[in-house]
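Trainee: I would like to practise reasoning from values to labels. Could we go through a structure together, one question at a time?

Mentor: Gladly! Here it is.

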Amino acid sequence: MLPMTQHVTKPKVVVIGAGFAGLNAAKALAHAPVDITVVDRKNHHTFQPLLYQVALAVLSPAEIASPVRTVLRHAANTEVLLGEVKGFDLQKRLVLVDDPYTGPPDRAVSARAGVLSLPYDYLIVAAGATHAYFGHPEWEQFAPGLKTLEDATEIRRRILMAFETAERELIAKRTPPPLNFVVVGAGPTGVELAGAISDIAGRHLTKEFRSIDPRQSRIILLEGGPRVLPTYPADLSASAERQLKEMGVEVRTNAMVTNIEQGVVSVGKEKIPASVILWGAGVSASPLGRMLGVPLDKAGRVIVQPDLTVPAHPEVFVTGDLASATRHNGQPVPGVAPAAIQMGKFAARQINRAVEGKPREKFEYLDKGSLATIGRSRAVADFGKLHISGYFAWLAWLFIHLLFLVGFRNRLFVLSEWAWAYLTYNHSARLITDPAEKDHVETPKAKAG
Ligand SMILES: Cc1cc2nc3c(=O)[nH]c(=O)nc-3n(C[C@H](O)[C@H](O)[C@H](O)COP(=O)(O)OP(=O)(O)OC[C@H]3O[C@@H](n4cnc5c(N)ncnc54)[C@H](O)[C@@H]3O)c2cc1C
């Protein structure tokens with residue numbers, strides 16, 4: 001335990017969420033004269049841009065995640081608390097953390113029944129976003145989204161089980177079952193998933209099944225809007241669509257999904273049978289935004305002030321995907337990892353400046369470009385005036401993602417795994433590990449209408 005004087009004199013900073021924003025905020029405050037508590041409901045930081053590599057069995061979960069305690073082990077002023085934040089008392093400056101146990105009595109923490117109340121002088125809320133099913137939460141069980149390691153391993157299990165089920169059926173019934181993979185939403189996640197399924201079906205599995213031919217799989221990418229990668233420039237959208245089609249993905253734009261049930265996706269009156277349905281269509285902000293009781297945008301994100309704080313509470317910062325921030329040109333700050341990193345560091349700097357008695361600054365997002373990978377050696381990259389497609393965009397994507405992976409050990413592992421998978425077409429993480437009772441692989445039950 002720290003000596004009492006340090007508790008009394010040092011401002012307390014509570015950081016909610018050890019994602020890109022929260023972790024970078026905590027790291028940036030590691031040498032500041034403050035005491036920091038980082039609270040996350042997971043014990044690990046997940047490198048979400050590589051989740052689809054876990055979902056498609058190229059990488060193992062441990063290669064894209066690091067324990068938060070390990071990442072912050074050298075920050076002597078920082079403690080890590082595993083727990084789910086359930087609410088706030090902004091007037092009393094308390095964060096309410098779900099606690100099934102009794103709170104430790106020897107800390108500046110009050111324990112009520114099942115709740116830890118963490119006091120703070122400064123609060124950084126960086127709880128990110130989650131899937132949104134446009135008012136149809138019941139679709140989630142049939143069409144999982146990709147946000148956490150658990151999602152990725154569940155998707156991996158469904159995809160691998162689809163091939164296993166098809167092989168079994170063909171042996172049992174002698175008729176080749178349809179292998180349809182339907183991906184809903186052609187933003188970066190949907191495009192990455194569709195391309196990666198095409199890779200695994202078209203190359204990686206071909207030599208391993210004796211009855212089915214994985215190359216006969218149909219991969220259907222449904223997009224409600226007029227083009228794939230809608231936030232990218234039009235020429236890169238067109239290039240991404242072309243690259244997807246070259247890989248055998250059926251791209252269908254202006255195809256608004258109207259219903260999802262077990263093994264069937266409906267687009268208006270058309271029913272598309274599906275062995276596996278994946279959701280990449282929408283995100284909404286963490287419910288913690290609503291609990292702050294401040295103005296939100298349509299996606300539930302907190303509309304922040306120019307210094308990323310909330311109205312009437314200059315001590316409360318909201319950062320990353322949970323924040324609705326505006327650039328000087330009026331454009332919204334995008335929900336991407338570099339923006340979250342920059343916001344986290346900015347909030348930390350403002351706390352440091354406040355401790356030093358300096359005035360607040362305004363946040364300005366520095367856009368370094370965006371990249372979306374489409375499959376083996378295929379990607380698009382938007383670096384402002386410079387637009388790149390294909391192999392060189394993919395190399396840029398690979399380099400940048402490795403650069404930002406948390407932890408040196410991870411980087412080396414990931415590079416070697418990728419190189420191995422690239423050269424040998426061998427996905428060493430192709431394991432079905434979860435309990436069979438969670439099996440949601442469907443035999444398509446409806447014919448395309
Ligand atoms: C599949 C996928 C692919 C992506 N690809 C890219 C890409 O290629 N490039 C790019 O720039 N961006 C990409 N993104 C977006 C990027 O990952 C996000 O913008 C970024 O993670 C946002 O960071 P954050 O810190 O705001 O939130 P997150 O990284 O989501 O972290 C939020 C943290 O808060 C914790 N948390 C949430 N609620 C609570 C609670 N109540 N109590 C305690 N802890 C809580 C969570 O466990 C999590 O650790 C991708 C996202 C996904 C899902």
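Trainee: How do the residues of the shell around the ligand divide into nonpolar, polar and charged?

Mentor: This is a predicted model, and in it the shell around the ligand holds 13 nonpolar, nine polar and six charged residues. Among the 28 residues around the ligand, those that come nearest are A21, D40, Q48, V85 and D321.

Trainee: What makes D40 a polar contact of the ligand?

Mentor: Set the distance against the cut-off. A polar side-chain atom of D40 lies 2.6 Å from an oxygen atom of the ligand. A polar contact is a pair of N or O atoms within 3.5 Å, so the pair with D40 qualifies.

Trainee: How do you know that G335 and H401 pass the test for a polar contact too?

Mentor: The same reasoning applies. For G335, a polar backbone atom is 3.1 Å from an oxygen atom of the ligand. For H401, a polar side-chain atom lies 3.4 Å from a ligand oxygen. Both distances are within 3.5 Å, so both pairs count as polar contacts. As for cover, the protein hides 90% of the 1,000 Å² of accessible area that the ligand has on its own.

Trainee: Which helices each supply at least two residues of that shell?

Mentor: Helix 2 (20-28) and helix 9 (337-355) do. Helix 9 gives the most, with three residues.

Trainee: Which domains does the shell draw on?

Mentor: At least three residues come from each of domain 1 (4-41 + 83-131 + 284-355) and domain 2 (137-281 + 370-438).

Trainee: Let me try single residues now. Why is S237 called buried?

Mentor: The relative accessibility of S237 is 2%. Buried means under 20%, so S237 earns the label. S237 sits in helix 7 (residues 234-246). Leaving aside neighbours within four places in sequence, S237 is in contact with R227, V228, L229 and Y232.

Trainee: And why is P273 buried?

Mentor: P273 has a relative accessible area of 7%, which is under 20%, so the label buried fits. P273 belongs to strand 17 (residues 270-273). P273 and P178 are 95 residues apart along the chain, yet 8.5 Å separates their C-alpha atoms.

Trainee: Why is I388 called partly exposed?

Mentor: I388 has 23% relative accessibility. Buried needs a value under 20% and exposed one over 50%, so I388 falls in between and is partly exposed. I388 is found in strand 26 (residues 386-389). Not counting residues up to four places away in sequence, I388 touches L236, A379, V380, A381, F383 and A393. From I388 to L371, the C-alpha distance is 9.3 Å, with their positions 17 residues apart in sequence.

Trainee: What makes R93 worth a look?

Mentor: R93 has a positive phi of about 60 degrees although it is not a glycine. Most residues other than glycine have a negative phi. R93 lies in the loop between strand 6 (85-89) and strand 7 (94-98). With a relative accessible area of 34%, R93 lies between the two cut-offs of 20% and 50%, so R93 is partly exposed.

Trainee: What is the phi of A312, and why does A312 count as exposed?

Mentor: A312 also has a positive phi, about 70 degrees, although it is not a glycine. A312 has 71% relative accessibility, which is over 50%, so A312 counts as exposed. Its place is the loop between strand 21 (309-310) and strand 22 (313-318).

Trainee: How do you know that D297 makes a polar contact with A299?

Mentor: The side chain of D297 reaches the backbone nitrogen of A299 at 3.0 Å. That is within 3.5 Å, so the distance test is met. D297 lies in the loop between helix 8 (288-291) and strand 20 (302-303). Beyond four places in sequence, D297 touches I303 and S324.

Trainee: Finally, what does the chain come to as a whole?

Mentor: The secondary structure comes to 11 helices and 26 strands. Of the 449 residues in the chain, 54% are buried. The accessible surface comes to about 20,800 Å², and carbon and sulfur atoms account for 56% of that.

Note on methods. Residues numbered from 1 in each chain as written. Predicted model: local features only at pLDDT ≥ 70, side-chain atom pairs only at ≥ 80, totals over all residues. Heavy atoms only, no water. Near = heavy atom within 4 Å. Polar contact = N/O pair within 3.5 Å; in protein donor to acceptor, adjacent residues only side chain to side chain. Areas by Shrake-Rupley, 256 points an atom, 1.4 Å probe, with all protein chains shown as cover. Helix = DSSP H or I, 4+ residues; strand = E, 2+ residues; numbered from the N terminus. Nonpolar A, V, L, I, M, F, W, Y, C, P; charged D, E, K, R; others polar. Domains from an automatic or database assignment. Buried < 20%, exposed > 50% of the residue type's maximum accessible area, 1.4 Å probe, protein only. Contact = heavy atoms within 4.5 Å.
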